[in-house]
Amino acid sequence: MLVISKTLRSAIPRPATLAKSKVRSALHGTRPAADPRLFDTPEAKRIKKEICAVGRKLWLRQFVDGNGGNISYRIGPNEVICTPTMVSKYDLRPRDLCMVDLDGKQIAGSKQATSEILLHLEIYKHVPEAKAAVHCHPPHATAYAITGLLPPNMVIPEFEIFVGKVAISPYETPGTIEFARTVLPFVKQHNTVLLGNHGAVCWSDTVTTAEWTCEVLETYCWILGLARQLGAPISHIPEGKGPDLMARKKRMGLPDARFDQDGSGASGNGKRKRAGGNARTPLTT
Ligand SMILES: [Zn+2]
């Protein structure tokens, strides 16, 4: 006879006591049904303000133009607050924002969600730590994305810590699921992907830090361009100092493709490789 201890028995949910959300979860696989009420919570209010502030930063720094770029935050297991389509990031107001579920179905907000939300959703589905994503077109980083060149590593410590190895995804038509999926080979080991012939996407645990990552990427690409104009070779961080940076990055919980290699961070110092327009494998310099 099967004997179930009192403790174990109390841990087993009985049908009558199952929360409604759990029942809905069963109907939708492992994902609970999206709850539109998360759009109006105090946390949502704070996040909406943060998204608007970040949108204005992106525009002021010329990382976006026209209605370009998009920002999102995963506020629940199946709820993502995001920017609408056809609104300049400079003009964003909290009431313009939208909420979608992880399938891209809009569940709140009067404006239509950005057509590029699928890109954000693919990242959230595959990277549990990712809570926020920023997609923009920063000019110097996008210059790399249209040439297929990867920025070299081990030149400036801040870039190694907050970005590190960058990947380039192949071009696809923006707004399509095929476009969204181009980043999948890279999302586990990178927090930044250059989107072939398009721009960049960065993700993090907050909207603000995702935008900081875009800033670090863009400034780094800009500095590299300026340094090349000086005509002298770019010097690199000494190889022996690489492990210090990698150890610090690991402590901060940031992803880096080099953790799965020798961990020294020293590989590829100064060697730039052409990524090629349609490369699908993780790209390193
Ligand atoms: Zn775009």
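1. Let me start with one residue pair: Tyr-73 sits opposite Ile-81 of strand S2. Keep in mind that this is a predicted model. The strands involved, S1 (residues 70-76) and S2 (residues 79-82), run antiparallel and are joined by 4 bridges. Another of the pairings puts Arg-74 across from Val-80 in S2. If you trace the chain here, you'll see S1 and S2 make a hairpin, with 2 residues between them.

2. S1 has a second partner to look at, S5. The two pair in the antiparallel sense, again through 4 bridges. For a landmark, find Ile-71, which has Val-134 of S5 opposite.

3. How many of the 7 residues of S1 are buried? The count is 6, so S1 is largely enclosed by the rest of the structure.

4. Now zoom out to the whole sheet. It is open, has 8 strands and mixed pairing, and reads S4-S3-S2-S1-S5-S8-S7-S6 across. The edge positions go to S4 (106-108) and S6 (167-169); each has a single partner strand, so one side of each has no neighbour in the sheet. Going from one strand to the next, the twist averages 25 degrees.

5. Next, the helices that go with this sheet. H4 (residues 117-126) lies across S1, S2, S3 (98-100), S5 (132-136) and S8 (199-204). Its direction is at about 140 degrees to S2. Helix H8 (residues 207-230) also packs on the sheet, where it touches S1, S5, S7 (192-195) and S8. Relative to S8, the direction of H8 makes an angle of about 140 degrees. So if you're looking at S1, note that H4 lies across it and that H8 touches it.

6. Helix H9 (residues 242-251) is worth a separate look. Which residues of H9 are buried? Gly-242, Leu-245 and Met-246 are. These three sit on the same side of H9, because they cover an arc of only 95 degrees around the axis. Over on the other side of H9, you'll find Ala-247 and Arg-251 exposed.

7. What covers the buried residues of H9? Helix H6 (157-162) is part of that cover.

8. A last backbone detail: after H9 comes Gly-253, and its phi is positive, near 75 degrees.

Notes. Residues numbered from 1 in each chain as written. Predicted model: local features only at pLDDT ≥ 70, side-chain atom pairs only at ≥ 80, totals over all residues. Buried ≥ 20, exposed ≤ 12 C-beta atoms within 10 Å, placed from the backbone. Arc of directions from axis to C-beta. Contact = placed C-beta atoms within 7 Å. Pairing = 2+ DSSP bridges. Axes fitted to C-alpha atoms, helices over the stretch in contact; angles between N-to-C directions.
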